[in-house]
Amino acid sequence: MTDRRSIESAFPLKQTSLDSVHEKNVRHGHISTLHIWPAWRPLAACRAALLATLLPDPETAAERRALCETIGGTVRQVVRKTKDGEALAEETVGGILHWKREQENVAVLAQFRQRIRAAFGGRAPKVLDPFAGGGAIPLEAMRLGCEVTAADLNPVAWFILKPVGWGDAGTPTSFPTMKCWGSFLTPTYELRTLRTHSGKCSIPAASDKLRSSI
Ligand SMILES: C[S@@+](CC[C@H](N)C(=O)[O-])C[C@H]1O[C@@H](n2cnc3c(N)ncnc32)[C@H](O)[C@@H]1O
């Protein structure tokens, strides 16, 4: 057996692109709405990249195709209304990348968690994101059952990422803990107010506000 990973041979690129474009237009309930990040990554892209990096290369063409379809689903053509009439577009069917589809396909997600552990000798792999920003990569790594460490020098990012280290020694912070933190954060701290008029986060203003509220 080699240590070759799926991302080196098989990646559901088209599905990830389609679902990432769709996710960029989600304006409600998304981590990115807490604060504007330079270059925030869509959850769909982080989930696909993590899965393909953590899972071993399936080794045959048929198995690679099957893995890509289980992650990203299949692509179909649809007719969409445009301001000039109608146009052909593409969308995904199935998989666990499209916004909220990971919640509809929980059994598939659970199977992936098992496959990842199996690929790491039965334990949760460690994932480190030293420039975590809005937390898309740590969040998705936790969703996949990894033991996550995240860091960022921006205090707003630090605050969003605070529960990442809350697991007991040796156990990763659970994804439900992170979800609870998200529902507490949004109405309580209104992180949007930390932004300056230019739309960018002012680090000194954010530090002062967070210091007085923690
Ligand atoms: C492109 S953003 C990360 C976006 C993130 N991947 C997401 O999807 O939200 C880069 C991050 O690196 C952080 N950063 C830059 N220099 C750093 C340093 N020396 N130590 C820690 N974090 C740093 C910035 O504060 C910023 O949040």
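Which residues does A48 touch, not counting residues up to four places away in sequence?

**Entry 1: A48.** I opened the predicted model at this residue. A48 touches F11, P12, T16, I71, G72 and L97, leaving out residues up to four places away in sequence. I located A48 in helix α2, which spans residues 43-54. I then asked whether A48 is buried or exposed. I recorded A48 as buried, because 27 C-beta neighbours lie inside 10 Å and the cut-off for burial is 20 or more. I also looked up the separation of A48 from Q15: the two residues are 33 apart along the chain, and their C-alpha atoms are separated by 9.4 Å.

**Entry 2: the chain as a whole.** I went on to the overall layout. I noted 9 helices and 4 strands in the protein chain. Along the sequence I read the pattern α-α-α-β-β-α-α-β-α-β-α-α-α. The protein chain has 214 residues, of which 32% count as buried. Among contacts with a separation of 6 or more, I found that 61% join residues 24 or more positions apart.

**Entry 3: confidence.** I looked up the pLDDT of the prediction. The mean for the protein chain is 81, and 71% of its residues reach 70 or more. Over residues 195-199 the pLDDT is below 50, and I noted that this stretch has 4 contacts in the model beyond near neighbours in sequence.

**Entry 4: strands β3 and β4.** In which sense do β3 and β4 pair? I recorded a parallel pairing over 4 bridges, with β3 covering residues 126-129. Within this pairing, V127 has V148 of β4 as its bridge partner. The connection from β3 to β4 passes through helix α6, residues 136-143, and I noted this β-α-β crossover as right-handed. I then compared the two faces of β4, residues 147-150: V148 and A150 form the covered face, whereas E147 and T149 form the uncovered one. V148 thus appears in my notes twice, as a residue of the covered face and as the partner of V127.

**Entry 5: K126.** I stayed with β3, where K126 is found. I classed K126 as exposed, because 12 other C-beta atoms lie within 10 Å and the class takes in counts of 12 or fewer. Leaving aside neighbours within four places in sequence, I found K126 in contact with C146 and E147; E147 belongs to the uncovered face of β4. K126 and A141 are 15 residues apart in sequence, and I read a C-alpha to C-alpha distance of 9.0 Å between them. A141 falls in the range of α6, residues 136-143.

**Entry 6: the ligand.** Which residues come nearest to the ligand? Of the 15 residues around the ligand, I listed R41, F131, G133, G134 and A136 as the nearest. By class, I recorded 10 nonpolar, 3 polar and 2 charged residues in the shell.

**Entry 7: positive phi outside glycine.** I checked two loop residues. E59 has a phi near 85 degrees, a positive value in a residue other than glycine. I placed E59 in the loop between α2 and α3, the latter covering 61-72. E59 counts as partly exposed, because 13 C-beta neighbours lie inside 10 Å. For K100 I read a phi near 75 degrees, again positive in a residue other than glycine. K100 lies in the loop between β2 (85-93) and α4 (101-104). I entered K100 as exposed, because 10 C-beta neighbours lie inside 10 Å.

Key. Residues numbered from 1 in each chain as written. Predicted model: local features only at pLDDT ≥ 70, side-chain atom pairs only at ≥ 80, totals over all residues. Pairing = 2+ DSSP bridges. Right-handed = clockwise from strand over helix to strand, strands pointing away. Near = placed C-beta within 6 Å. Nonpolar A, V, L, I, M, F, W, Y, C, P; charged D, E, K, R; others polar. Contact = placed C-beta atoms within 7 Å. pLDDT = per-residue confidence, 0-100.
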